[in-house]
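Q: Please take a close look at the enclosed cavities of this model. What lines each of them?

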Amino acid sequence: MPVWPAIQHVSLESPGLSAAEARVRGIDMPVVRMDRGEELPSARNIDGLVVMGGPMGVNDTLDHDHLAGEVELIRSALGIEIPVLAVCLGAQLMAAAAGADVFQGPVEETGPGEVSLVAEDPVLGPAGTDLPVIHWHQDTFDIPSGARLLASSDVYPHQAFAIGRAAYGLQFHVEIGLEAALVLRPHFPFEVSEGELTRIETSGRRVISRFFDLATGPEI
């Protein structure tokens, strides 16, 4: 059975729809809880990697010493072309692992919204499409050298990027389905309606399914 650990930083932010998609495909997705001091896996012992969000920043290594280890894990995964799905903080960690700068932006970007797809992509969709998402960040990143910029918003131009065949960094959330939202909703610093959550989940399921199709399918 393929093993895809999910790196989780706080109790509230679970792999969500990514875990549901993994189950359907017969993928074992053990959750590695960094907030509980659990040990990171070795890139050579896994078939894929999911890295979730969290309130800390990439550079907060004094308070969260596991972050440096996560950057090294992602760097190793990229080096041997293991598929990676990195969300929010995860995307920032992946940018750092690929040599890009990560830094605090001028304003918070929070709440339900959209990103505009700026390039044709087999996972996110055709260029010019608006993808419904949840924003919940202020840190941002430069696009790593050799990576493909995939999505932008009016507030932050760097919203998603891909490296190689199947390593994706998403600054926004598409993995928060209705079930995960029940846990998160009391902690959201914004309002989101049932209709907005349903729209984001419907679109997010398609995105995550296409990611797993690409990551687990034959190389072309």
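A: The two cavities are described in turn below, after a note on the model. This is a predicted model, in which local features need pLDDT of at least 70 and side-chain atom pairs count only at pLDDT 80 or more, while totals for chains, interfaces and linings use all residues. Residues are numbered from 1 along each chain as its sequence is written, and side-chain values use heavy atoms, with hydrogens and water left out.

The structure holds two cavities of 30 Å³ or more. A cavity here is a set of points, on a 1 Å grid over the protein atoms alone, where a 1.4 Å probe fits but cannot get out; lining residues have an atom within 4 Å of a point. Grid points are joined across faces, edges and corners, and a volume is the space filled by probe spheres set on the points.

The largest cavity contains about 50 Å³ of space. Its lining is formed by Leu85, Val123, Leu124, Tyr168, Leu170, Val174, Val207, Ile208 and Phe211. Strand S9 (167–170) and helix H5 (194–216) are the elements that give two or more residues to this lining, and H5 supplies the largest share, three residues. Helices (H or I, at least four residues) and strands (E, at least two) are DSSP runs, numbered from the N terminus. By class, the lining has nine nonpolar, no polar and no charged residues.

The second largest cavity has a volume of about 40 Å³. Around it lie Leu12, Glu13, Ser14, Gly16, Glu175, Ile176, Ala180 and Leu184. This lining divides into four nonpolar, two polar and two charged residues; Ala, Val, Leu, Ile, Met, Phe, Trp, Tyr, Cys and Pro count as nonpolar, Asp, Glu, Lys and Arg as charged, and the others, Gly among them, as polar.

Technical notes:
On a 1 Å grid over the protein atoms alone, a cavity is a set of points where a 1.4 Å probe fits but cannot get out, and a pocket is an open set with protein on both sides within 12 Å along at least five of seven lines; lining residues have an atom within 4 Å of a point.
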